[in-house]
Each structure stands twice: as C-alpha cells, then as structure tokens.
Protein chains: 2
Amino acid sequence: MTPPRFLIIADGDFGPMTSKTANSVIRYRPGQVVGVLDRVNAGGTVQAVLGFGGAIPVVATMREGLALGATVVLIGIAPQGGRLPGEWHAWIGEAIDAGCDIWNGLHTFLSDDPDLAARAARRGRKILDLRKPPIDLPVASGLAKDVEAYVCLTVGTDCNVGKMTSQLQLVDGLRARGLRTNFVATGQTGIMIEGWGIAVDAVVADFIAGATERITLQGAKDADIVLVEGQGSINHPGYSGVTLGLLHGACPSGLILCHQASREYIGDYRQAAWLRIPPLSEYVKLYEHIGSAVHPTNVVAICMNTYDLDESAARAACEAAELETGLPCTDPVRFDPAPVIDALAADRARYVARRTERG
Amino acid sequence: MTPPRFLIIADGDFGPMTSKTANSVIRYRPGQVVGVLDRVNAGGTVQAVLGFGGAIPVVATMREGLALGATVVLIGIAPQGGRLPGEWHAWIGEAIDAGCDIWNGLHTFLSDDPDLAARAARRGRKILDLRKPPIDLPVASGLAKDVEAYVCLTVGTDCNVGKMTSQLQLVDGLRARGLRTNFVATGQTGIMIEGWGIAVDAVVADFIAGATERITLQGAKDADIVLVEGQGSINHPGYSGVTLGLLHGACPSGLILCHQASREYIGDYRQAAWLRIPPLSEYVKLYEHIGSAVHPTNVVAICMNTYDLDESAARAACEAAELETGLPCTDPVRFDPAPVIDALAADRARYVARRTERG
C-alpha cells in the first residue's frame, strides 16, 4: 500500500504553539506531508513557521495544495468556534472532487454532511472521521493480559504533558535494538500519524476498556513491544475515567510516567487553585496500586517535558525526579531517550523471563 | 404534579430473578404501579409471582392494562435478543394513542422510531429513552466538592451486588432522623424509580464525571444527604472507567462499600478463574486512595448482599466483614439498616463540623 501524501489544513492558526495535530504529523511523518494550507503564512516554508519541517511549502489555496500531489487532505486544527467555516467546506469538497480522501479529527463528523458524503460516494473517496468510534465495540474481557508482546502505557500527571510524543520519541531507539515496536494510537493526532487507532475519549463509557483492548491486541501482532498511547490522568477530575479504562483495558506490564516540569496545578483547575499536582512518587504509587488491581504493573521510567525551561533547569528537573522516585528520567524530545529505552528493554526482558518460567 | 401511574411491560420474563428493573420499580414505588403486562402469569397477582407487590394485577393485553388507569407505560425487561418484538411495538403504539407516556430503558431508542415518534407527537405524549444522554453535558470541574449537602456514593466489589438497592433501603431511615435525603439515579432502573437521572454508562467517555457532577448538584439542592448511585467496580476490567468517573465527578465525602457475600470472582470472568475478589479491606484502601486523589473521602460502612444465604450464614458474613474492616456492616434488605444509617449520620455530622470550622 502506498503511504498517503498529506495536505494539511491549518488555516489561520498554524504556529509552534497552536496547531498541535498538524505539527505532530509534520514532526513524525515529514516525508508524507506535501504542504500546509494556511493563508497567513502562505509563500513560506514549514521550517520558517515551526522551526522544523524543512522545505515543505505553505500554500494559500486548495488548488495549489492539490498540485503538490496530495492524496489525503487532513484537518490539522480545530476552526475557531468549532463550526466548519464555509470556505473549509468548499476546500474539502474541491479536494474530494479532485480524488483525495479526507481525514478529519474534529468533533463534527464530515461523513454526516450530505453534500460532502454524496461527492465522496460519487468519486469513490473516503471521509474518515477519526473521532467516530466503531459501532461494534466489546466490553473488555482481559484479553490484553495474555499477549506475548510487552505492553507499555504512558500515564500522566495531567492532560497534555507529552504522553504521545514521549512514546513516539522511543520508537526508533527500540527498533534499533532489534525490538519490533508498534505504537497504538488512542487520540486523533496519533491516529493521523499511524493511520489507525480509536479515539477512546469519544467512545461510550461502557466501552473505554473494550476499545483499548481491541487496539492493543491489534498492535501486539508481530510485535515485541506495544506502546499504547495514554490519555488524561488518574487524578484529573474530568477525564480520570478514560485514564482508568485505558489502564485496565491495555493490561500494561510497564508504565511510563509523563510530567511537565513547570506545571503546578491539574489542567484547567488552576484558577480555583484546586488540585495541586502531588509529588511524582505519589503518582507512581497510585498508578501501580490501581493498575495492579487488574493486572500487575510497574512504573519503569519518567518522561519529563521541559520545553519551557532552559537547559540547566531541564537537567535539574530530570535529576530531581530520578532522586525522588529512584527511576530513570529524561526529556526524550530534548535529550537522549536512551535511559528510558534501557529501562523498557530491561523490564521487557524480565517480562519475557516470567512468561518463559510459567511455560 | 401528579405522580405517574405505571403499567409495566415484562412479557414472558416476569419473575423474582429475571425482571430486575420491573421488580425494583414495584418494590420502591408499589403505590404507583397499576399493573404488569405478562401473558405467562396473566390473571394472577404480582405477589404470587415475586413474593411482594400485593394485589397488583398481571394482565395479558394492553387494553386491560390501560383500563387500570396507567399514565405511563414502562418497559421493565429487555426483550429476548435485544430487538423490540412486533407485538411490543403494537402495544406501545396503542398506549401512546390512548394518551400514555413511554419510559424506555432499552439500548434501542424508541424516540428514533418514526411511527412511534409521529404518534406521540400527534397525541402530545412523551417517549423518554432513559439511556439517551443529554446532548449538552459538561466536562466535570469539581463543583460537587462544594455542595453543602453530605454526598455519599455506593461503591462495589463488582457489578450487580446491590449498590442501588442498598441506598434505597436507607432513604426512609435517614428521613426519619430529620435528614432531607435525595437519591441520585445513575442507571435506568434508578431513573425509573426517581423519575430523573442520567445513565452514566451510556454517555461519551469524556463526560462520565461531568454527567455525574450535574446530577449530584441537582440532587444536593434542599438536601442534607445526597445518595449517589454507584456503578461497576474500581477493579472491574470492563467498567472501572465508569466507576472512577462517578467517584471523581460526585466528590463524595462518604462511601458505602457493597458486596455480595457468596461471590468469589469479578463479574463475567469466572470461567477464566481470573480476578478473584480481593478482601474487603483491600477495596477500602483502593477506593479511599483513588477517591481522595481528587477529594477527601472515606468508607463509612459495608452493605452485604446475602440473598442466597441462610440467616446464620448471612449474620456470619456481616460479622466477618465488621471484624476485617472495623466498619459497621449489615444486609439492609434483610436486616435492620440502622447500623449503616448511624454511621452515615455520624460521618455527616463530622462533615458539617469541618465545613463550619472552615467558615
């Protein structure tokens, strides 16, 4: 199968801190991105806007974007106000008519739009609404605990601390050691990068763990290590249910705890000065306690997000975390991810030995 | 507002162990049930079938049922195979035409049935699909921690151990002590009994805690004690996400741990001999640890479901639980619920004192 060639719509909001989904696809699939549609930065390169991405051009019209050879148009930001602007609708229609598939991560499902759906049917193209859950999800039944592959889940001190990015930074290093490694996406950005997965926060509550189980089993095929993308946090008042469903559905043997060094309060509750983020060692205890209630698990390493710190503060944050928890810690984007890769490989070896012993 | 008068459809499956929803409505709202439609037991009384429910008649046709003065037809069992049989469809249409509302707890939404919806619109009647979540649910933001009422959530060692029934058995006793007590329903049966609530296991995963928060706030109005109906179990591989969303969304100060004395394995995982139910004291630690990560909480009592034990075994199970956990324990259906009511009232008094201290 030919890998898709993406034209990414990030109109009006393309930048290092704003277009998270677009940026992640560019970072991890640079060879597949043919261009970005953004009228503000049109005429320049992605490198000039993001600081990475090289010569990928930024264009002002769908016509220019299609001329770059796109096979998939990917919606890489949420439009202001959440509703699809009329001109985006026109762009998407134009892309379908020209023979492109559409990958959409918005809460609004484009396959429900009668006009776009009819045009896609006429042209034999697909509109993939990445947040639309499959209709036949199972209730989890613990199947993930029996896979041969070593399952590793990222868990966090909060939302948006780098759970997906941390794992993606480990893939190459794990493969370089001869470990067949798969990444299992549980959110829209990861799904765009991998081309498959389920947005678990969008499924009906009864099926969080079941959805996780299904994709973990799929990722475990022909793999030595499965990296399952975590979501939320076990003490996040809004999203902890999703986090626990993931933890019990994936049955991971190893956990990587992710934290943003400069963050003091959970998520959006800062204004109320509610829920100060407790020490990392508390999270280690909490995740191991609640995770092991279904399947034995342990935290094997810490990934520290230090993007807003200078280098010495970043190194100090990692060292402090190591001292506090006794676990290896690094910022896998900024520094060498080897300490975390070592820890995972060692824990996987213990896992394999335990399985062999049991016969 | 006149309380609704229910005709319950339980055709072909009406019995002590089969029609759980129907039976709970009959047990807790006996004065509102005018009849049960079940062709198998037609001509007899509910008492003869269930062992409670008195002279409420069982009838064979919708015409007879409507003649008993029903204002709401309630679907009290799931039909075999899940699909609505043709004759049920005809009964429901007949009831709507006669001026009844329909309360439906099935996964299949009857308001989506064009024929039934049109007939209801014509007659000005309502089809209430109790498992259909509201469309405007919030992400939880911790508002439930600030209510004046004392919030109590039931938590369990497994699904279907008596979390709803335990709380409903406490309502009268709490009110008799002058405590204004509201029950907050989170499942279809509770919603039928109370006439309002949200089936939290049917909401999209991101909104489990938000849905719980909304109904907890509603239940806390003009109340001294709010009993929030729990779901699932914190170590249930399929449903733990729902359980934790409820725990973090409701921000309960007090928990009641529910267990069925004779059960050894979690839910449907018995065949695999997986997940033996750990000791009650483990559950106390687990629920307090994970709950207090968002809002301080403690287990105040144990409710033991002993329906399948003889009386001496039942008393022994309660005593063993008290000895193990140091908490009061009773079967609130079989024995006097006073020990649990005492414990709740005492914990509420401590809660009020803490709030008063803080000013």
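**Exercise 1.** In this predicted model, work out which residues of H8(B) are buried and what they pack against.

*Solution.* Start by going along the helix: the buried residues are Ile208(B), Ala209(B), Gly210(B), Ala211(B), Thr212(B), Glu213(B), Arg214(B), Ile215(B), Thr216(B), Gly219(B) and Ala220(B). That's eleven of the 13 residues, so H8(B) is largely enclosed by the rest of the structure. Next, look for the partners. Within chain B, the buried residues pack against strands E7 (150-156), E8 (181-184) and E9 (225-228), plus helix H9 (240-250). From chain A, helix H9 (240-250) joins in.

**Exercise 2.** Check the length of H8(B) against what its residue count predicts, then see what the backbone does just after the helix.

*Solution.* Take 1.5 Å a residue: the 13 residues, 208-220, should span 18 Å. Now compare the end C-alpha atoms, which sit 18 Å apart, so the two agree. Step just past the helix and you hit Asp222(B), with a positive phi of about 55°.

**Exercise 3.** Describe how chains A and B meet and how one maps onto the other.

*Solution.* First the contacts: 32 residues of chain A touch 32 residues of chain B. On the chain A side, helices H8 (208-220), H9 and H10 (280-292) each give two or more residues, and H9(A) gives the most, with six. By class, that side has 20 nonpolar, ten polar and two charged residues.

Then the symmetry: a 180° rotation with 0.0 Å of shift along its axis superposes chain A on chain B, at an RMSD of 0.0 Å. That's the relation of a two-fold axis. Finally, 100% of chain A's interface residues are also interface residues in chain B, so the copies meet through the same surface.

Technical notes: Residues numbered from 1 in each chain as written. Chains lettered and ligands numbered in written order. Predicted model: local features only at pLDDT ≥ 70, side-chain atom pairs only at ≥ 80, totals over all residues. Helix = DSSP H or I, 4+ residues; strand = E, 2+ residues; numbered from the N terminus. Expected span 1.5 Å × (residues − 1). Buried ≥ 20, exposed ≤ 12 C-beta atoms within 10 Å, placed from the backbone. Contact = placed C-beta atoms within 7 Å. Nonpolar A, V, L, I, M, F, W, Y, C, P; charged D, E, K, R; others polar. Least-squares fit on C-alpha atoms with pLDDT ≥ 70 in both.
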